[in-house]
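Biologist: I would like a close look at a single part of this model, followed outward into its surroundings. Please give the cut-offs for each term as you go.

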Amino acid sequence: MNPFQFTRATTPKAAISAITKESGTYFLAGGTNLIDLMKREVIIPERLVDINKLPLATIEKTASGLRIGAMAKNSAVADHELVKKHFPLLSMALNAGASAQLRNMATVGGNLMQRTRCSYFYDTSMPCNKRGPVQAGPDKGKPNGPSGCGAIGGFNRMHAIFGSSSKCIAVHPSDMCIALAALDATVNVSGPKGDRRIPFSEFHRLPGELPQKDNTLLPGELILSVDLPTNRFADHSHYLKIRDRASYAFALVSVGVGLDMKGGMIQDVRLAMGGVAHKPWRLFEAEQFLKGKEATEVNFKQAAALAMKDAKGYGENDFKLTLAPNSIIDALKTATKTA
Amino acid sequence: MAQNEHPGDELEMPDASRRHFLKQSSALAALALAPTAAVKAVDTGWDQKIAAAFEQLPLQVTINGTVQNVSIEPRVTLLDLLREQLHLTGTKKGCDHGQCGACTVHVDGQRVNACLTLAMTTEGSNVTTIEGLATNDHGATARLHPMQEAFIKHDGFQCGYCTPGQIMSAVACIREGHADSPEEVREYMSGNICRCGAYANIVEAIMEVKQGGKKV
């Protein structure tokens with residue numbers, strides 16, 4: 001690992017001021033992704049600002065729902081009584097991710113900020129448009145490895161089928177974020193220009209011409225907390241994750257479902273997918289179609305077909321074009337039954 | 001939260017002045033050398049050695065009940081601090097990327113991967129390693145932790161390399177309340193890989209300790 005300067009912030013204000021002062025500065029939270037990327041020299045920071053002492057780990061009831069502090073650990077959120085009772089989808093998604101050790105380290109804010117696990121992004125000898133320039137050391141400002149997208153025409157079994165560009169077909173790796181997308185979360189951030197609230201669907205972005213940018217945070221902004229609005233999905237929630245082994249692997253495809261059922265009718269529904277796009281992928285059209293309909297397999301199939309309308313395979317990941325709709329149908333069926 | 005007009009007071013910058021000196025000395029060294037030679041010096045670790053000499057930060061952390069005051073580079077992981085500086089080699093380095101669980105230790109009671117934990121972030125914490133699990137290890141009443149005994153009884157290992165991590169993880173698994181069935185144990189132990197494939201015996205060992213009801 002390259003040497004770097006280490007500072008520790010005890011207030012959000014101090015953390016923001018520290019990251020604004022010098023380029024190549026990164027916040028360090030749980031470190032489960034950043035330290036790994038630093039060891040592989042995908043990210044080479046000039047300075048780390050340790051934010052683990054910030055008082056931002058509270059999980060509390062609010063007038064409109066639940067507020068989860070950015071520094072709350074994944075395991076603390078997954079095991080929290082209010083989360084399990086009112087937002088079981090979030091608990092299920094968290095427990096489907098990583099390992100028990102990593103969930104004890106990883107934070108909510110860090111989970112939102114984690115980078116893709118695309119193998120071309122991780123290997124600095126391979127072409128990638130996402131890595132961007134080196135941030136510190138003698139090569140500062142130079143590209144970190146060759147540009148281009150190695151995954152297009154390469155090994156792309158894990159890659160995107162929605163919303164990709166000619167510059168990047170990587171996927172967002174998070175399970176937690178699929179639940180947050182489905183549950184209409186809001187991200188509270190603070191920065192040099194003040195505080196603002198970002199709707200979850202606008203937090204992560206598609207690669208377009210700028211795959212280096214994963215999200216819409218402005219320079220120097222720090223995530224403070226995530227808000228979840230109250231909902232009626234608790235009795236019919238399900239997170240389905242399809243992966244290469246039974247546990248501790250990233251999703252090939254995952255589906256988060258929340259249903260508000262009355263009798264056999266779907267009053268309201270939320271659907272989001274992981275492993276298929278550069279950001280957590282909400283299935284708005286399928287949701288619209290299912291609203292007010294009966295919970296039948298025929299309707300689920302139609303909804304899945306609508307969701308897959310703009311899907312595009314890149315060769316090795318063509319199997320996702322079948323796996324994804326089947327997973328949507330399967331997840332909807334399971335969510336209908338759970339109570 | 002108290003609002004402070006001087007953010008610097010809320011930002012601990014250990015040895016900032018020495019860093020400044022290092023930057024200056026690096027700049028001077030760069031001037032004295034041709035650019036390619038300067039880059040080469042970095043490549044051969046020359047600059048890093050200087051960095052190592054100047055960038056030692058103080059850390060206080062309690063390991064297995066003993067307060068340790070050490071001086072480390074900020075890039076040192078908890079795993080390397082344990083093994084290379086404190087010579088607690090029970091904790092193993094497997095993948096060094098958080099994928100195998102061989103380095104599992106407890107920080108303030110929570111199981112974590114020591115390889116992805118910067119030692120500097122454990123300031124003021126209590127760390128327990130495999131060496132700290134047995135009780136009275138120097139006295140006549142010395143005895144292994146029930147989980148260590150169960151691993152021996154059920155042959156929960158072959159080569160033994162993953163075993164310290166498996167045992168630290170297993171103890172935490174029961175303490176967390178995630179060991180109510182073999183299925184649950186398998187799911188909550190998935191962060192510990194055993195290349196010899198002793199999984200069936202590891203699950204048996206954990207289930208026996210759990211069902212035995214002893215305090216772990």
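In which loop, and between which two strands of chain B, is the place of Asn64(B)?

Modeller: Asn64(B) sits in the loop that links strand S2 (57-63) to strand S3 (66-72) of chain B. Helices (H or I, at least four residues) and strands (E, at least two) are DSSP runs, numbered from the N terminus. This is a predicted model, in which local features need pLDDT of at least 70 and side-chain atom pairs count only at pLDDT 80 or more, while totals for chains, interfaces and linings use all residues. Residues are numbered from 1 along each chain as its sequence is written, and chains are lettered from A and ligands numbered from 1 in the order in which they are written.

The backbone of Asn64(B) deserves a note: phi is positive, about 50°, although the residue is not a glycine. Most residues other than glycine have a negative phi. Asn64(B) counts as partly exposed because 18 other C-beta atoms lie within 10 Å. The scale behind that label is as follows: a residue is buried if 20 or more other C-beta atoms lie within 10 Å of its own, exposed if 12 or fewer, and partly exposed in between, with C-beta atoms placed from the backbone.

Chain B has another case of this kind. Asp155(B), also not a glycine, has a positive phi near 55°. Its loop lies between helix H5 (146-153) and helix H6 (163-176) of chain B. Asp155(B) is partly exposed because it has 13 C-beta neighbours inside 10 Å.

Back at the loop of Asn64(B), the two flanking strands are partners: S2(B) and S3(B) run antiparallel and are joined by 7 bridges. Strands pair if DSSP finds at least two bridges between them. Within this pair, Thr62(B) of the ladder faces Val67(B) in S3(B). S2(B) and S3(B) belong to an open sheet of 5 strands, in the order S3-S2-S6-S4-S5 (chain B), with mixed pairing. The edges are S3 and strand S5 (110-113) of chain B, each of which pairs on one side only. On average, neighbouring strands of the sheet are turned by 40° against each other, direction ignored. For such angles, axes are lines fitted to C-alpha atoms, for helices over the stretch in contact, and angles run from 0 to 180 degrees between N-to-C directions.

Helix H6(B), at one end of the loop of Asp155(B), lies across strand S4 (104-107) and S5 of chain B, at about 40° to S4(B). Contact here means that the C-beta atoms of two residues, placed from the backbone, lie within 7 Å.

The domain division puts these parts in order. Chain B is split into domain 1 (57-132) and domain 2 (146-212), the bounds coming from an automatic or database domain assignment. Their C-alpha centres are 21 Å apart. The contact takes 13 residues from domain 1 of chain B and 11 residues from domain 2 of chain B. On the domain 1 side, S4(B) gives the most, with 3 residues. That side divides into 5 nonpolar, 6 polar and 2 charged residues; Ala, Val, Leu, Ile, Met, Phe, Trp, Tyr, Cys and Pro count as nonpolar, Asp, Glu, Lys and Arg as charged, and the others, Gly among them, as polar.

For chain B as a whole, the secondary structure comes to 8 helices and 6 strands. From the N terminus, the order of elements is β-α-α-α-β-β-α-β-β-β-α-α-α-α. Of its 216 residues, 38% count as buried. Among contacts between residues at least 6 apart in sequence, 55% join residues at least 24 apart.

Beyond chain B there is chain A. In the contact between the chains, 31 residues of chain A meet 38 residues of chain B. Strand S1 (5-9), helix H1 (12-21), helix H2 (34-39) and helix H6 (100-105) of chain A each give two or more residues to the chain A side. That side has 14 nonpolar, 12 polar and 5 charged residues.

Chain A also has an antiparallel pair to set beside S2(B) and S3(B). Its strand S4 (residues 59-62) and strand S5 (residues 65-69) are joined by 4 bridges and run antiparallel. A hairpin of 2 residues connects S4(A) to S5(A), and Ile59(A) stands opposite Ile68(A) in S5(A).
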